[in-house]
Amino acid sequence: MAYFCKFKIKPMSQQIQMVDLRGQYLKIKDEIDEAMAQVLSSTAFINGPIVKEFQQNLSEYLHVGHVITCGNGTDALQIAMMALGLQPGDEVITTPFTFIATVEVVALLGLKPVFVDVIPGTFNMDVSQIERVITPRTKAIVPVHLFGQCTDMEPLMDIAQRHHLYVIEDACQAIGAEYTFSDGRKCKAGTIGHVGCTSFFPSKNLGCYGDGGALFTNDDELATRIRGIANHGSFVKYHHDLIGVNSRLDSFQAAILNVKLKYLDNYIASRQRAAKLYHFLLCDVAEIKPPVTAAQSTHVFHQYTLKLDERLNRSDVQEKLKAAGIPSMVYYPVPIHLQKAFAPFGYHAGDFPVAEKLSRTVLSLPMHTELTKDQQIHITKTLKQSLVI
Ligand SMILES: *Cc1c(COP(=O)(O)O)cnc(C)c1O
């Protein structure tokens, strides 16, 4: 049929958005609609062949032995910790400057989150602080590749090896980012530790049109455990060897992701181009520090997050941007150790000064694959005019 989809969707290119899912969809609409129609006519809505096909394609893209899809990124992290056999009371070292999900699953499983502060430049875990907090109960490290660039994984893996710790990478914001080891070896985010986790939430760099997530590993046995745990702890139908969960990627989402995966490198390039232009337009502004990319990692710019001079009133800046039709966001306004829900772990203000200062000073600008040069000029011009100390 020439017109599979009868309703027409208008682009909203004039309006600036944090993420332009509609504009991106319109460019691949025919392919997406066709993929959806195929799932509809197959009626294989759960565990259809397209799920396996997507897992295979993503594992080839990442050069990793196994990709196991699941319901969302939070589940991926939880399943990873369950599959590694972490037990209540075990300690997990991670960063206080992340999305809540990273630490929420640690607490949910009865594990103890132990934080180390972040580096002010990259916002990622300060690996040099890890050894100080290792105890006999430490079992795992969870680096978060925040905003799209990798934590410094080479020294982190050295520490993990020396202390026999598992490494679970939270690569929810960094799919496609590449880390280079000192010997020149390159690995994609999420494929360096024992297990990597990602999210396909719509606004993520590889996003579906609902919820989705995946785990990556090169360990065959661990992959089997992960598959079983994500499927009610079952390895043989209706036989349950472990207490598991029900977490899966549905066939519609897999079909969408399978189309979008082909464009992921182009999407990354668009984000990097936009970041470069932002940098050019903002690098000479005294009150702003644009994001820094570490030498060892590429940056896929899930977010373009800058730091404002602490003397500026960030809410005022955001209000002025908003008045000019420009959305902005604060990722994240409260570090995890100061969240009310985490009070029982006994952390206090002042424990992680870098994360705390970042929470007060960061600002994320619109960043997506459809951002135009004119929009970026408007955004940066308005931003500069909004900086009144
Ligand atoms: C999005 C995200 C998650 C959770 O992913 P969901 O699919 O929303 O469950 C976890 N960690 C980080 C760093 C994220 O950005």
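How many nonpolar, polar and charged residues are there in the lining of the largest cavity? Let's work up to that with a look at the cavities, keeping in mind that this is a predicted model.

Searching the whole structure turns up two cavities of 30 Å³ or more. The largest cavity holds about 70 Å³ of space. Its lining draws on Val19, Asp20, Leu21 and Gln24, then Pro202, Ser203, Lys204 and Asn205, and finally Lys260, Arg271, His368 and Thr369. Sort those lining residues by type and you get three nonpolar, five polar and four charged.

Now swing over to helix α10, which covers residues 314-323. Its buried residues are Arg314, Val317, Gln318 and Leu321. Look down the axis of α10 and these buried residues fall within an arc of 95°, so they line one face of the helix. The spacing fits a general rule: an α-helix has 3.6 residues a turn, so residues three or four places apart point the same way. As for what they pack against, the buried residues of α10 meet the strands β13 (304-308) and β14 (362-365), along with the helices α11 (353-361) and α12 (373-385).

Both ends of α10 are worth a glance. At the start, Asn313 brings a side-chain oxygen to within 3.1 Å of the backbone nitrogen of Ser315. Just after the helix, Gly325 adopts a positive phi of about 80°.

Last stop: Gln55, in helix α3 (residues 49-62). Is Gln55 buried or exposed? With a relative accessible area of 17%, Gln55 counts as buried, because the cut-off for that is under 20%. Leaving aside residues up to four places away in sequence, Gln55 touches Val67, Ile68 and Thr69.

Methods
Residues are numbered from 1 along each chain as its sequence is written. Side-chain values use heavy atoms; hydrogens and water are left out. Buried means under 20% relative accessible area, exposed over 50%, partly exposed in between (1.4 Å probe, protein chains only). Helices (H or I, at least four residues) and strands (E, at least two) are DSSP runs, numbered from the N terminus. The arc is that of the directions from the helix axis to the C-beta atoms. Contact means heavy atoms within 4.5 Å. A polar contact is a pair of N or O atoms within 3.5 Å; within protein, one must be able to donate a hydrogen and the other to accept it, and residues adjacent in sequence count only if both atoms are side-chain atoms. On a 1 Å grid over the protein atoms alone, a cavity is a set of points where a 1.4 Å probe fits but cannot get out, and a pocket is an open set with protein on both sides within 12 Å along at least five of seven lines; lining residues have an atom within 4 Å of a point. Grid points are joined across faces, edges and corners, and a volume is the space filled by probe spheres set on the points. Ala, Val, Leu, Ile, Met, Phe, Trp, Tyr, Cys and Pro count as nonpolar, Asp, Glu, Lys and Arg as charged, and the others, Gly among them, as polar.
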